[in-house]
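Please find below a colleague's note on the contact between the chains and on the salt bridges. The points are numbered so that they can be taken up one by one.

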There are 2 protein chains.
Amino acid sequence: MSKSIEDTGIALIGAGNLASNLAKALYGKNFRIVQVYSRTAGPASSLAGMVGATWTTDLQHITGEAGLYIVALKDAVLPGLLPAIAARNPDALFVHTAGSIPMDAWKDTAASRYGVFYPLQTFSRQREVDFAGIPVFTEANLPEDAGILNKIAERLSGNVLEVNSEQRKNIHLAAVFACNFTNHIYTLAADILRNRDLPFDILLPLIDETVRKAHDLSPESAQTGPAVRYDKNVMAGHLELLESEPDKANIYRILSESIHNYSEAVKNDKNLKE
Amino acid sequence: MSKSIEDTGIALIGAGNLASNLAKALYGKNFRIVQVYSRTAGPASSLAGMVGATWTTDLQHITGEAGLYIVALKDAVLPGLLPAIAARNPDALFVHTAGSIPMDAWKDTAASRYGVFYPLQTFSRQREVDFAGIPVFTEANLPEDAGILNKIAERLSGNVLEVNSEQRKNIHLAAVFACNFTNHIYTLAADILRNRDLPFDILLPLIDETVRKAHDLSPESAQTGPAVRYDKNVMAGHLELLESEPDKANIYRILSESIHNYSEAVKNDKNLKE
């Protein structure tokens, strides 16, 4: 590695929510983004414009000059495209950003230096996120490249951790619970209120406090409500309200049972220890 | 009503999390708390001390002099105790604070003036909450008493709404989703991480951003992740990780399906409208 990545620059393969947020954050920390690739011209040219890079929609025209290639494509297509991307510059460092895809996805490509750069956040086009507090999980096949990735990550975030592929897969799973599933629960709550002509925003102070509690207390000790008390009257009344909404009733039943079982297990555990 | 409640004062029946937070908030806004009742002396005397009130553990010794009685007891015992409480001062105004219990729970008591005062929040002993942003839902059998309750609520909160018992029951149901269920999902996520020696706090920036999105966007339009993309590979991989945790796997399956069904329904709905 005669030249540093600061000299050679970074190619961003992808122009979706994660790629855009990451490219802008790197650009903001004075990294040079040399090129943006996307299958479609609109996102590629728009992101390239924001970070002073060239752009292409042709895999064969991906630059052969970048020191680091960050591949942020949809999980479903990512593994299939890695060989063509790695072939563009086999001596460079290649990373993907997918929580659920192992580092070994690079193994059968031309790349000899590869890894993962996984920022744990939910990215949307409409909202710019501050990278400073976002955990970034790194992994590399060579120790010196792990060092390079950690240094880059540390310019963006105060929260950088090296993890292996198995750990990262579990982090991604936990993130699906903490983000996608809770967001769906909000959607169902919004639905319940909308069907009764009540606005969703009456729930926001409650949602905010629930999250503040998760910061201060462990979520299991913060649990309240009819299920943890196993208040059968209240639960039966709620299920009655959901009579014509079997999906919500099913979710209500299963989560209430899980809350109850969990709190019983915690109690028994405490009794055993006493 | 010759005397105002400011003159006669308020009796707090209950000394649990909600009662304590409410009593302290009222006291902080210069309402006079004349008495605290609780079944057990510890909580009653401790709360009474904080708000300059007398206290009792004997239902028969509940004061006959208060202008307003706020009953904040567990849902399971509350309806059974209302007759004895109302009998202490049948001319006063009586309210309970339970989202799921209709106003009519007062109907067969000695009380002629009654209603509901329901602050929508999750209260814990360890954390003091700021009432200013908390929605307070009021209901009364007499219009002038609705006015009195609204005025009291508005001293505490900028967010006061009169709702009927049916609406309030649905608000309580939506709150169980938005608070208890999401908190349980956090618990499961914490569990997944703990079982792999990873700390829960790596999820906090993601959880915070998910909630910020719920403030800015509707939760259904904010949805991301493998289920809404219906990425079968990722979902199958996650279920594999949960092989020895059938409860979590079951919840994973049902919520992923619900996310997918919901997003398909939203798409179809849009197509129909176009």
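1. Buried area is the accessible area, with a 1.4 Å probe, that two parts lose on being put together, summed over both. In this predicted model, the area buried between chain B and chain A comes to about 8500 Å². Carbon and sulfur atoms give 69% of that area. On the side of chain B, the residues that lose the most area to chain A are B:Arg127, B:Phe177 and B:Leu206, together 8% of what that side buries.

2. Counted by residues, the contact takes 88 from chain B and 88 from chain A. The two chains are related as follows: a turn of 180 degrees, with a shift of 0.0 Å along the axis, lays chain B on chain A with an RMSD of 0.0 Å. This is therefore the relation of a two-fold axis. The same surface serves both copies, since 100% of the contact residues of chain B recur in chain A. Which residue of chain B comes closest to the rotation axis? That residue is B:Thr182, with its C-alpha at 2.6 Å.

3. Polar pairing across the interface should be described next. The rule finds 23 residue pairs in polar contact between chain B and chain A, both residues being at pLDDT 80 or more. On the side of chain B that touches chain A, at least two residues each are supplied by helix 6 (165–194), helix 7 (204–216), helix 8 (219–222), helix 9 (226–229), helix 10 (232–241) and helix 11 (246–273). Helix 6 of chain B gives the largest share of this side, 28 residues. By class, the side of chain B that touches chain A holds 46 nonpolar, 25 polar and 17 charged residues.

4. How many salt bridges are there between chain B and chain A? The count is six, while the structure holds 26 over all chains. One of the salt bridges joins B:Glu209 to A:Arg127, with the closest N and O atoms 2.9 Å apart. This pair crosses between chains: B:Glu209 is in helix 7 of chain B, and A:Arg127 is in the loop between strand 6 (113–119) and strand 7 (136–140) of chain A. Both B:Glu209 and A:Arg127 are buried. A:Asp75 and B:Arg229 form another salt bridge, and here the closest N and O atoms are 3.8 Å apart.

5. Within chain B, the side chains of B:Glu139 and B:Arg168 form a salt bridge at 2.7 Å, N to O. B:Glu139 lies in strand 7 (residues 136–140) and B:Arg168 in helix 6 of chain B, so this pair ties together parts that are 29 residues apart in sequence. Are these partners buried or exposed? B:Glu139 is buried because its relative accessible area, 11%, is under the 20% cut-off. B:Arg168 is buried too, with a relative accessible area of 0%.

6. A further salt bridge in chain B links B:Glu245 with B:Arg196, the closest N and O atoms being 3.4 Å apart. B:Glu245 sits in the loop between helix 10 and helix 11, and B:Arg196 in the loop between helix 6 and helix 7, so the pair ties together parts of chain B that are 49 residues apart in sequence. B:Glu245 counts as buried at 12% relative accessibility, and B:Arg196 is buried with a relative accessible area of 19%.

7. Chain A should also be inspected for linked pairs. There, A:Asp191, A:Arg194, A:Arg196, A:Glu245 and A:Lys248 are joined in a network of salt bridges.

Technical notes
Residues are numbered from 1 along each chain as its sequence is written. Chains are lettered from A and ligands numbered from 1 in the order in which they are written. This is a predicted model: local features need pLDDT of at least 70, side-chain atom pairs count only at pLDDT 80 or more; totals for chains, interfaces and linings use all residues. Side-chain values use heavy atoms; hydrogens and water are left out. Contact means heavy atoms within 4.5 Å. A salt bridge is a side-chain nitrogen of Lys or Arg within 4 Å of a carboxyl oxygen of Asp or Glu. A polar contact is a pair of N or O atoms within 3.5 Å; within protein, one must be able to donate a hydrogen and the other to accept it, and residues adjacent in sequence count only if both atoms are side-chain atoms. Helices (H or I, at least four residues) and strands (E, at least two) are DSSP runs, numbered from the N terminus. Ala, Val, Leu, Ile, Met, Phe, Trp, Tyr, Cys and Pro count as nonpolar, Asp, Glu, Lys and Arg as charged, and the others, Gly among them, as polar. Copies are superposed by least squares on the C-alpha atoms of residues with pLDDT of at least 70 in both. Buried means under 20% relative accessible area, exposed over 50%, partly exposed in between (1.4 Å probe, protein chains only).
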